[in-house]
Amino acid sequence: MSKGVNRQVLLAEKPAGKLGPEHFKMSEAAMAEPGDGEALVRVRYISLDAANRAWMHGATYRAAVEPNTVMAGGGIAEVVTSKAPGLAPGDIVFGDTGWQDYAIVSAKSVSKLPKIDPMTHLLSVYGIAGLTAYFGLLDIGKPKPGETVVVSAAAGSVGSIVGQIAKIRGCRAIGIAGGKDKCNWLTSELGFDAAVDYKDGAVFKALRAAAPDGIDVYFDNVGGDILEACLSLMNNRGRIACCGAISQYDGVPSAHGPRGVPGLIVVKRLIMQGFIVMDFMARRDEALKDLQSWVAAGKLKVQEDVINGLENTPNALIGLLAGENRGKRMIKV
Ligand code: NDP
């Protein structure tokens, strides 16, 4: 496999403000050979995640993405050649393949996946998005039947699953999303009880109307002003699962966080807890069993947004940050 070229998308420079196509460049490299313990894989689908943008700011739970390197990103790939015990040609794996046609991966950096149809579900409901929604809501949010669960970025990959699991667990589910179309989709197609359009202004007022009994669990994907509005509406002993802060990723992060946080947390005895889905990987099978049974029973609808072509990866991420996507956005390489 040493012949041929490998198309790659590089991060050309770190954006100082909003992410644009000029921050990426296409490149070609010679096809590499795997060393001992490694495999050459062909990337089939690349996951687009809001976190891709956060990695450009600096080190997070992973190292920062640096200019003139292949843009990092999770992907589903097929083993082409292998010098790693346990990985054979044709095996399907998930790992940080980066934005390229082929990648050299070490066996310990990837997880082997079952072959399922459609393969895209391995990136959406049975991938990071589904597991994040599952563990973040159930283990961190701990919703009880009858409680009110609010989720932001509700029409996105994680959020759309969070609201549906909340319904499955007998809760009242309220989504916050940008635009009327997304809000209608949440209530008419996904079974959310109510949806609030944050782009309409007055989030706090709309949320108070949608959650007249207050919020018991807030699944926070966005941080910023929406977190501030939710904090004010939390019920005593409410739980906030801090999953991400999309509103702070692109452009210059706002100088102030939500106001009134410490006082509200004390008086309302709130629990606010961050989490990283990787910490739950030992319990992945438990989640997959539930997610698969819900999908099979038609209780959990899977929404995917698949875009063709490696060269379209930069614009697909820029569009995700601007709210173009419904459900899990990915690139078919
Ligand atoms: P999504 O598929 O949810 O898409 C992102 C959505 O965010 C957009 O469609 C957009 O929808 C919304 N959005 C963008 N900017 C803003 C803003 N300023 N305010 C409010 N909403 C905004 O993305 P991901 O699934 O990749 O990510 C969801 C969240 O989950 C992120 O915060 C991510 O970092 C986090 N995450 C955390 C993990 C963990 O382990 N803790 C693992 C995986 C993801 P709209 O049209 O509604 O604005």
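The count of salt bridges in this chain comes to 17. The model is predicted. Three of the pairs are set out below, followed by one sheet, two buried residues and a surface patch.

## Salt bridges

| Basic residue | Acidic residue | Closest N to O |
|---|---|---|
| Arginine 7 | Aspartate 101 | 2.8 Å |
| Arginine 53 | Aspartate 250 | 2.7 Å |
| Arginine 62 | Aspartate 96 | 2.7 Å |

Take the arginine 7 pair. Arginine 7 forms a salt bridge with aspartate 101. The two partners come from distant parts of the chain: arginine 7 sits in strand β1, and aspartate 101 in the loop between β6 and β7, 94 residues apart. Arginine 7 is partly exposed, at 26% relative accessible area. Aspartate 101 is buried, because its relative accessibility is 12% and the cut-off for buried is under 20%.

Next comes arginine 53, in a salt bridge with aspartate 250. Arginine 53 belongs to helix α1 (residues 50-54), while aspartate 250 lies in the loop between β13 and α7 (261-268), so the bridge ties together parts 197 residues apart in sequence. Buried or exposed: which describes arginine 53? Arginine 53 counts as buried, with a relative accessibility of 0%. Aspartate 250 is buried too, with a relative accessible area of 16%.

The third pair joins the side chains of arginine 62 and aspartate 96. Arginine 62 is in the loop between α1 and β4, and aspartate 96 is in strand β6, 34 residues apart. Arginine 62 counts as partly exposed, at 23% relative accessibility. Aspartate 96 is also partly exposed, at 43%.

Which residues are joined into one network by salt bridges that share partners? They are Arg7, Asp101 and Glu311.

## A three-stranded sheet

Strand β1, home of arginine 7, also takes part in an open sheet. The sheet has three strands in the order β2-β1-β4, with antiparallel pairing. At its edges stand β2 (24-30) and β4 (69-70); each has a single partner strand, so one side of each lacks a neighbour in the sheet. Strand β1 (residues 5-11) is joined to β4 by two bridges, and these strands run antiparallel. In one residue pairing, leucine 10 has valine 70 in β4 as its bridge partner.

## Two buried residues

Threonine 97 follows in the loop between β6 (92-96) and β7 (102-106). Threonine 97 is buried, with a relative accessible area of 4%. Beyond residues up to four places away in sequence, threonine 97 touches Val43, Gly73, Gly74, Gly75, Ala77 and Ala103.

Methionine 234 is found in strand β13 (residues 234-242). Its relative accessible area is 3%, so methionine 234 is buried. What does methionine 234 contact, leaving aside neighbours within four places in sequence? The contacts are Ile215, Asp216, Val217, Tyr218, Arg239, Ile240, Lys268 and Leu270. Glycine 214 is 20 residues away along the chain, yet the C-alpha atoms of methionine 234 and glycine 214 are separated by 5.7 Å.

## A nonpolar patch

Tyr61, Ile276 and Met278 make a nonpolar surface patch of about 300 Å². Isoleucine 276 is placed in the loop between β14 (271-274) and α8 (284-296). Isoleucine 276 is partly exposed, at 31% relative accessible area. Why can isoleucine 276 belong to a patch? Patch residues need over 30% relative accessible area, and isoleucine 276 has 31%.

How values were computed
Residues are numbered from 1 along each chain as its sequence is written. This is a predicted model: local features need pLDDT of at least 70, side-chain atom pairs count only at pLDDT 80 or more; totals for chains, interfaces and linings use all residues. Side-chain values use heavy atoms; hydrogens and water are left out. Helices (H or I, at least four residues) and strands (E, at least two) are DSSP runs, numbered from the N terminus. Buried means under 20% relative accessible area, exposed over 50%, partly exposed in between (1.4 Å probe, protein chains only). Contact means heavy atoms within 4.5 Å. Two strands pair if DSSP finds at least two bridges between them. Patches are made of residues with over 30% relative accessible area and no salt bridge: like charges are joined within 9 Å, nonpolar side chains (Val, Leu, Ile, Met, Phe, Trp, Tyr) within 5 Å. Accessible areas come from the Shrake-Rupley method with a 1.4 Å probe; for residues, only the protein chains shown count as cover. A salt bridge is a side-chain nitrogen of Lys or Arg within 4 Å of a carboxyl oxygen of Asp or Glu.
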